[in-house]
Amino acid sequence: MVGYDPKEDGRINSKFEVAVAGSVSGLITRTLISPLDVIKIRFQLQVERLSRSDPNAKYHGILQAGRQILQEEGPTAFWKGHIPAQLLSIGYGTVQVYKTLQDAVVTMYRTEGPLVFYKGLTPTLIAIFPYAGLQFSCYNSLKHVYEWVMPADRKHSENLKNLLCGCGAGVISKTLTYPLDLFKKRLQVGGFEQARAAFGQVRRYRGLLDCTKQVLQEEGAQGFFKGLSPSLLKAAFSTGFVFFWYELVCNFFHCLKRTDS
């Protein structure tokens, strides 16, 4: 985990404690940012413009989308797909259209076979390395900038530093790799046009290049960044919370050791 330095401030954590800290931080963070993820995916899948001026647009803003989802589907809708998200399921985007994970899995398998669970894998793999590299490098760079700007407060604001730098790293990396995330979601829900009819127009894509071409032709270059605003909020909170909770749990283990000794 980037940001973990076993020698920092004399803190030493075992590999098991580091693993537990990473797992706990991921679990808490995913639960907290799930509503933003739901709204982001709804935006990504909407062919219509995200604008009030388009009468066919179901969603056109974060607050408006949040209110509409709450009115039409209830508060639990903001955690649709939460279980497969926690399990890092490839089919997360599609599960939001179905009532349960089991219903989604059975329907997907029966209609399209086992390969359906790997739709969108190409843009996912392409995005993994640049996103991870950018996120971690930006996090370290921002920590250096923070310490240069506020050196006197370092010992008293370690958690704040981790949170702010994590948020900044998430925003930068997510913006640069966002189109690949949109292509992934569009490809993942292929074959579920009937289930998504109530959400607006639907499209069929033959692959990554065809998806890129259709989005550019029908929605323009701005179509590549649909849902960017909730995605940036999600990235900021997600990355920030991951580092924040991770460091907090590591410090908790370290304090327990000092107390025992």
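This passage describes the nonpolar cores, a nonpolar surface patch and the salt bridges of a predicted model.

The largest nonpolar core comprises 12 residues. Its aromatic members are Tyr 178, Phe 183, Tyr 205 and Phe 224, and its leucines are Leu 180, Leu 182, Leu 187, Leu 208 and Leu 228; Ala 127, Cys 211 and Val 215 complete the set. At least two residues of this core are supplied by each of helix 7 (158-188) and helix 8 (208-219). Helix 7 accounts for the largest share, with 5 residues. A second core, separate from the one just described, contains 8 residues, among them Phe 43, Tyr 59, Ala 65 and Ile 69.

Nonpolar side chains also appear at the surface. Leu 125, Ile 128 and Phe 129 make a nonpolar patch of about 330 Å². Of these residues, Leu 125 is located in helix 6 (residues 121-149). Leu 125 is classed as partly exposed because its relative accessibility is 45%, a value between the 20% limit for buried residues and the 50% limit for exposed residues.

In total, 14 salt bridges are present in the structure. One of these joins the side chains of Glu 72 and Lys 58, with an N to O distance of 3.1 Å. Glu 72 belongs to helix 2 (residues 62-73), whereas Lys 58 is in the loop between helix 1 (15-45) and helix 2; the pair therefore ties together parts 14 residues apart in sequence. The two partners fall into separate accessibility classes: Glu 72 is partly exposed, at 45% relative accessible area, while Lys 58 is buried, at 17%.

A further salt bridge links Asp 181 to Lys 185, whose closest N and O atoms are 3.0 Å apart. Both residues lie in helix 7, with a spacing of 4 residues, or about one turn of the helix. Asp 181 is buried at 9% relative accessibility, and Lys 185 is likewise buried, at 5%.

Helix 7 also takes part in a salt bridge between Arg 186 and Glu 219, in which the closest N and O atoms are separated by 3.0 Å. Because Arg 186 lies in helix 7 and Glu 219 in helix 8, this pair ties together parts 33 residues apart in sequence. Glu 219 is buried, with a relative accessibility of 9%, and Arg 186 is buried as well, at 3%. Beyond individual pairs, salt bridges with shared partners connect Arg 30, Asp 37, Lys 40, Asp 181, Lys 184, Lys 185 and Lys 234 in one network.

Terms used:
Residues are numbered from 1 along each chain as its sequence is written. This is a predicted model: local features need pLDDT of at least 70, side-chain atom pairs count only at pLDDT 80 or more; totals for chains, interfaces and linings use all residues. Side-chain values use heavy atoms; hydrogens and water are left out. A nonpolar core is a set of buried Ala, Val, Leu, Ile, Met, Phe, Trp, Tyr and Cys residues joined through side-chain atoms within 4.5 Å. Buried means under 20% relative accessible area, exposed over 50%, partly exposed in between (1.4 Å probe, protein chains only). Patches are made of residues with over 30% relative accessible area and no salt bridge: like charges are joined within 9 Å, nonpolar side chains (Val, Leu, Ile, Met, Phe, Trp, Tyr) within 5 Å. Accessible areas come from the Shrake-Rupley method with a 1.4 Å probe; for residues, only the protein chains shown count as cover. A salt bridge is a side-chain nitrogen of Lys or Arg within 4 Å of a carboxyl oxygen of Asp or Glu.
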